[in-house]
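Student: I have a chain open on my screen and would like to get to know its fold. Could you walk me through it?

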Amino acid sequence: MAKKINSLDDLGGFVFSTNADFEFTDNSGSEETLPPNKQRLEAHLDRKNRGGKIATIIKGFQGSDDDLKSLGKMLKTKCGVGGSAKDNEIIIQGNFRDKIMEILKSEGYIIKRVGG
């Protein structure tokens with residue numbers, strides 16, 4: 001039995017067109033990265049959904065995924081821990097908020113401490 005389609009979301013993000021001249025353009029990876037002195041980042045500590053373990057989260061990065069991942073890699077290397085970088089957030093395992101804030105300030109980023 002076929003699944004009933006109630007909205008465009010049920011198609012899984014696909015839209016079908018009968019226009020023979022239609023050309024799809026993907027603009028998802030073309031976001032321009034702002035220079036560090038224009039970035040306004042936030043440093044958070046988080047315990048939710050992590051089994052009680054603390055993670056430092058850097059939010060507010062505006063730029064390409066490649067630049068986000070390279071910044072995340074630099075922070076993970078300088079802190080000597082693991083983490084990930086996706087969805088304009090950098091997640092670093094452990095409580096390294098103060099150290100990360102100093103590193104980002106020395107790189108020229110504007111960073112704000114959020115939370116307790």
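Tutor: What follows is a conversation about the fold, the helices, the strands and a few unusual backbone angles.

Student: Before we start, what kind of model is this?

Tutor: This is a predicted model, in which local features need pLDDT of at least 70 and side-chain atom pairs count only at pLDDT 80 or more, while totals for chains, interfaces and linings use all residues. Residues are numbered from 1 along each chain as its sequence is written, and side-chain values use heavy atoms, with hydrogens and water left out.

Student: OK, so how many helices and strands does the chain have, and in what pattern?

Tutor: The chain has two helices and five strands, and along the sequence they follow the pattern β-β-α-β-β-α-β. Helices here are DSSP runs of H or I with at least four residues, strands are runs of E with at least two, and both are numbered from the N terminus.

Student: Which strands pair up, and in what sense?

Tutor: Strand 1 and strand 2 run antiparallel and are joined by five bridges, and five bridges also join strand 2 to strand 4, again antiparallel. Strand 3 and strand 4 pair in the antiparallel sense over four bridges. Two strands are said to pair if DSSP finds at least two bridges between them.

Student: Can you give me some residues to click on?

Tutor: For strand 1 and strand 2, Asp46 has Ala55 as its bridge partner; for strand 2 and strand 4, the bridge partner of Ile57 is Ile91; and for strand 3 and strand 4, Gly83 stands opposite Ile92.

Student: Is strand 2 mostly covered or uncovered?

Tutor: Strand 2 is mostly covered, with four of its five residues buried. Buried means under 20% relative accessible area, exposed means over 50%, and partly exposed is in between, using a 1.4 Å probe and protein chains only.

Student: And what share of the whole chain is buried?

Tutor: Buried residues make up 24% of the 116 residues in the chain.

Student: Switching to helix 1, which residues are buried there?

Tutor: In helix 1, the buried residues are Leu68, Leu71, Gly72, Leu75 and Cys79. They lie on the same side of helix 1 because they cover an arc of only 100° around the axis, where the arc is that of the directions from the helix axis to the C-beta atoms. On the other side of helix 1 you will find Asp66, Lys69, Lys73 and Thr77, which are exposed.

Student: Why would residues a few places apart share a side?

Tutor: An α-helix has 3.6 residues a turn, so residues three or four places apart point the same way.

Student: What covers that buried side of helix 1?

Tutor: The cover includes strand 3 (83-86), strand 4 (89-93) and helix 2 (97-106).

Student: Then which residues of helix 2 are buried?

Tutor: In helix 2, Arg97, Ile100, Met101, Ile103 and Leu104 are buried. Seen down the axis, these buried residues fall within an arc of 165°, so they line one face of helix 2. The face turned away from that buried side carries the exposed residues Glu102 and Ser106.

Student: Which residues have the most contacts in the largest nonpolar core?

Tutor: The largest nonpolar core has 17 residues, and those with the most contacts inside it are Ile58, Leu75, Ile90 and Leu104. The elements that give two or more residues to this core are strand 1 (40-46), helix 1, strand 4 and helix 2. A nonpolar core is a set of buried Ala, Val, Leu, Ile, Met, Phe, Trp, Tyr and Cys residues joined through side-chain atoms within 4.5 Å.

Student: What does Ile58 touch?

Tutor: Leaving aside its neighbours within four places in sequence, Ile58 is in contact (heavy atoms within 4.5 Å) with residues including Leu41, Ala43, Ile90, Ile100, Leu104 and Ile111.

Student: New topic: which residues other than glycine have a positive phi?

Tutor: Among them are Asn49, with phi near 55°, and Asn88, with phi of about 60°. Asn49 is in the loop between strand 1 and strand 2 (55-59), and Asn88 is in the loop between strand 3 and strand 4.

Student: Are those two buried or exposed?

Tutor: Asn49 counts as exposed, at 83% relative accessibility, whereas Asn88 counts as partly exposed, at 30%.
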